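Me: Please take me through one part of this model slowly, starting with a single side chain and its partner, and then moving outward to the surroundings. I am in my first year, so plain steps would help.

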Amino acid sequence: KGTRVELTGAEFEVLLVFCERPGRTLSHDQIIELTQGRDAAPSERSVDILISRLRRKLERDPKDPELLQTIRSSGYLFSPEVTSE
């Protein structure tokens with residue numbers, strides 16, 4: 001088994017969005033819409049900050065991420081295989 005990691009509500013919401021869409025690149029706008037709704041007005045920077053915090057908590061090396069990858073000019077990709085039990 002893995003290690004238990006404490007997440008904030010916002011971090012959990014972002015991770016859940018990725019787990020529900022494994023292998024798909026999601027743009028900043030898609031992440032905001034899927035976590036906060038169409039009328040939300042947070043900045044793209046807030047998404048970058050959440051991704052950075054998740055990387056620090058989940059990645060072996062947050063500076064060289066394997067799980068949450070940046071896709072240039074597109075967004076972010078959650079690369080692990082996701083299964084449900």
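**A close look, starting from Arg53**

Reply: Let's begin with Arg53, which is partly exposed, at a relative accessible area of 28%. That label applies because 28% falls between the 20% limit for buried and the 50% limit for exposed. Keep in mind that you are looking at a predicted model. Its average pLDDT is 89, and 92% of the residues score at least 70.

Which residue does Arg53 form a salt bridge with? The partner is Glu11, and the closest N and O atoms are 2.9 Å apart. Arg53 belongs to helix H3 (residues 44–58) and Glu11 to helix H1 (residues 9–20), so this pair ties together parts that are 42 residues apart in sequence. As a general idea, side chains of opposite charge can pair when their charged atoms come close. Is Glu11 buried or exposed? Glu11 is buried, with just 1% relative accessible area. So this salt bridge has a partly exposed residue, Arg53, and a buried one, Glu11.

Now let's widen the view to the other charged pairs. How many salt bridges does a search of the whole structure find? The search finds four. One of them joins the side chains of Asp48 and Arg45, at 3.7 Å from N to O. Asp48 and Arg45 both sit in helix H3, three residues apart, which is about one turn of the helix. Arg45 is exposed, having a relative accessible area of 53%. That value clears the 50% limit, which is why the word "exposed" fits. Salt bridges that share partners also link Glu11, Arg53 and Lys57 into one network, which brings us back to the residue we began with.

Another salt bridge is between Arg21 and Glu20, with 3.2 Å from N to O. Arg21 counts as buried, since its relative accessibility is 19% and the limit for that word is under 20%.

Helix H1 takes part in another kind of contact too. A search of the whole structure finds one aromatic pair. The rings belong to Phe18 and Phe78; their centres are 6.1 Å apart and their planes meet at 40°, so the pair is described as tilted. Phe18 is in helix H1 and Phe78 is in strand S3 (residues 75–78), which makes this a link between distant parts of the chain, 60 residues apart. Buried or exposed: what is Phe18? Phe18 counts as buried at 0% relative accessibility, and Phe78 is buried as well, at 7%.

Next, follow helix H3 to an enclosed space. The structure has one cavity of 30 Å³ or more, and the largest cavity holds about 40 Å³ of space. Its lining is made of Val14, Ile31, Ile32, Thr35, Gln36, Ser46, Val47 and Leu50. Which element gives the most to this lining? Helix H2 does, with four residues, while H2 and H3 each supply at least two. Sorted by class, the lining has five nonpolar residues, three polar ones and no charged ones. Helix H2 (residues 28–36) also has the lowest mean pLDDT among the elements, at 90, whereas strand S1 (residues 25–26) has the highest, at 96.

Finally, look at the loops. Ser73 lies in the loop between strand S2 (68–71) and S3, and this residue has a positive phi of about 65° although it is not a glycine. Ser73 is exposed, with a relative accessible area of 80%. Ser74 is found in the loop between S2 and S3 as well, and is partly exposed at 39%. The C-alpha atoms of Ser74 and Ser27 are separated by 5.6 Å, with their positions 47 residues apart along the chain. For another loop residue, try Leu67, between H3 and S2. Leu67 counts as partly exposed at 28% relative accessibility, and its C-alpha atom is separated by 12 Å from that of Arg24, 43 residues apart along the chain.

Methods: Residues are numbered from 1 along each chain as its sequence is written. Side-chain values use heavy atoms; hydrogens and water are left out. pLDDT is the predictor's confidence in each residue, from 0 to 100. Buried means under 20% relative accessible area, exposed over 50%, partly exposed in between (1.4 Å probe, protein chains only). Rings of Phe, Tyr and Trp (its six-membered ring) pair if their centres lie within 6.5 Å; planes under 30 degrees apart count as stacked, over 60 as edge-to-face and the rest as tilted. On a 1 Å grid over the protein atoms alone, a cavity is a set of points where a 1.4 Å probe fits but cannot get out, and a pocket is an open set with protein on both sides within 12 Å along at least five of seven lines; lining residues have an atom within 4 Å of a point. Grid points are joined across faces, edges and corners, and a volume is the space filled by probe spheres set on the points. Ala, Val, Leu, Ile, Met, Phe, Trp, Tyr, Cys and Pro count as nonpolar, Asp, Glu, Lys and Arg as charged, and the others, Gly among them, as polar.
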